[in-house]
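Grab a pencil and work through these exercises with the model open beside you. Try each task yourself before you read its solution.

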Amino acid sequence: MPSSERVESFIALVEAGSYVTALEEYYAETASAQENGDTPRTGRDALIAAERRTLSLHREIRANRLAAPSIDGDRVAIAWRFEFVAQDGSTRAMEEIAWQLWSGDRIIEERFFYDPRQLAARTDA
């Protein structure tokens with residue numbers, strides 16, 4: 001079960017834009033992550049590779065939590081807002097809920113719930 005301090009320090013890394021570091025320091029080696037109903041990605045190395053691909057496609061990605069996390073034993077829920085700035089300067093924003101299962105101080109499973117229509121909405125910079 002993660003402490004509230006551990007969860008808060010994870011959130012602080014994500015909000016600072018240290019996405020790969022967050023994966024390295026907070027996810028178990030065998031962790032999995034799943035986008036809505038897609039097939040889960042498995043293994044921290046695969047999660048890091050996918051994150052690096054996403055980062056390479058964008059000029060900037062900003063993250064902000066929308067509310068305090070919900071912590072119930074080994075389950076944590078975090079409401080996020082992400083803003084993706086494309087290489088051409090256009091942006092898109094999405095809000096999601098990250099539903100996590102922790103084992104001790106590491107995330108072992110994460111599933112993201114969001115409306116995929118958000119991914120198509122872009123605005124010019």
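**Exercise 1. Decide whether Val7 is buried or exposed.**

Step 1: This is a predicted model, so we work from computed values. Val7 has a relative accessibility of 0%.
Step 2: The cut-off for buried is under 20%, so Val7 counts as buried.
Step 3: Now find its place in the chain: Val7 sits in helix H1.
Step 4: For a sense of distance, pick Tyr114, which is 107 residues away from Val7 along the chain. The C-alpha atoms of the two are separated by 21 Å.

**Exercise 2. Check the span of H1, then work out where its buried residues point.**

Step 1: H1 covers residues 4-15, twelve in total.
Step 2: At 1.5 Å a residue you'd expect 16 Å, and the helix does reach 16 Å from its first C-alpha to its last.
Step 3: List the buried residues of H1: Arg6, Val7, Phe10, Ile11, Leu13 and Val14.
Step 4: These cover an arc of only 160° around the axis, which puts them on the same side of H1.
Step 5: Here's the background: an α-helix has 3.6 residues a turn, so residues three or four places apart point the same way.
Step 6: Keep going just past the end of H1, and you meet Gly17 with a positive phi of about 85°.

**Exercise 3. Find out on which side of H2 the buried residues lie.**

Step 1: In H2, the buried residues are Tyr19, Val20, Ala22, Leu23 and Tyr26.
Step 2: Their arc around the axis is only 160°, which means that they share the same side of H2.

**Exercise 4. Give H3 the full treatment: span, buried side, exposed side.**

Step 1: With 13 residues at 1.5 Å each, H3 should span 18 Å. Its end C-alpha atoms are 18 Å apart, so that agrees.
Step 2: The buried residues of H3 are Arg44, Leu47, Ile48 and Ala50.
Step 3: They take up an arc of only 165° around the axis, so they sit on the same side of H3.
Step 4: Flip to the other side of H3 and you'll find Asp45, Arg53 and Ser56, which are exposed.
Step 5: Move on to Leu57, in the loop between H3 and strand S3 (58-65). Leu57 has a relative accessible area of 58%, and exposed means over 50%, so Leu57 is exposed.
Step 6: Try one more distance: Leu57 and Phe82 are 25 residues apart in sequence and 15 Å apart in space, C-alpha to C-alpha.

**Exercise 5. Say what is unusual about a phi near 45° in Asn36.**

Step 1: Most residues other than glycine have a negative phi.
Step 2: Asn36 has a phi near 45°, which is positive, and Asn36 isn't a glycine.
Step 3: Look for Asn36 in the loop between S1 and strand S2 (41-42).
Step 4: With a relative accessible area of 17%, Asn36 is buried.

**Exercise 6. Place Ile107 and judge its accessibility.**

Step 1: Ile107 belongs to strand S7.
Step 2: Its relative accessibility is 0%, so Ile107 counts as buried.
Step 3: Ile107 and Arg75 are 32 residues apart along the chain, with 9.5 Å between their C-alpha atoms.

**Exercise 7. Describe the largest pocket: its volume and its lining.**

Step 1: Start with the volume, about 610 Å³.
Step 2: Its lining is made of 26 residues, and those nearest the centre are Glu35, Arg41, Glu51, Glu96 and Phe112.
Step 3: Sort the lining by class: 18 residues are nonpolar, one is polar and seven are charged.
Step 4: Ask which elements give two or more residues to the lining. The list is H1, helix H2 (19-26), strand S1 (27-35), helix H3 (44-56), strand S5 (75-86), strand S6 (91-103) and strand S7 (106-113).

**Exercise 8. Zoom out and decide how compact the protein chain is.**

Step 1: Count the elements: three helices and seven strands.
Step 2: Read them off from the N terminus, and you get α-α-β-β-α-β-β-β-β-β.
Step 3: The radius of gyration of the protein chain is 14 Å, close to the 14 Å from the globule rule for 125 residues, so the chain is as compact as a globular protein of that length.
Step 4: Along its principal axes, the C-alpha trace spans about 45 × 30 × 25 Å.
Step 5: To finish, 41% of the 125 residues count as buried.

Note on methods
Residues numbered from 1 in each chain as written. Predicted model: local features only at pLDDT ≥ 70, side-chain atom pairs only at ≥ 80, totals over all residues. Heavy atoms only, no water. Helix = DSSP H or I, 4+ residues; strand = E, 2+ residues; numbered from the N terminus. Expected span 1.5 Å × (residues − 1). Buried < 20%, exposed > 50% of the residue type's maximum accessible area, 1.4 Å probe, protein only. Arc of directions from axis to C-beta. 1 Å grid on protein atoms, 1.4 Å probe; cavity = no way out; pocket = protein on both sides within 12 Å on 5 of 7 lines; lining within 4 Å. Points joined across faces, edges and corners; volume = space filled by probe spheres on them. Nonpolar A, V, L, I, M, F, W, Y, C, P; charged D, E, K, R; others polar. Rg over C-alpha atoms; globule rule 2.2 N^0.38 Å.
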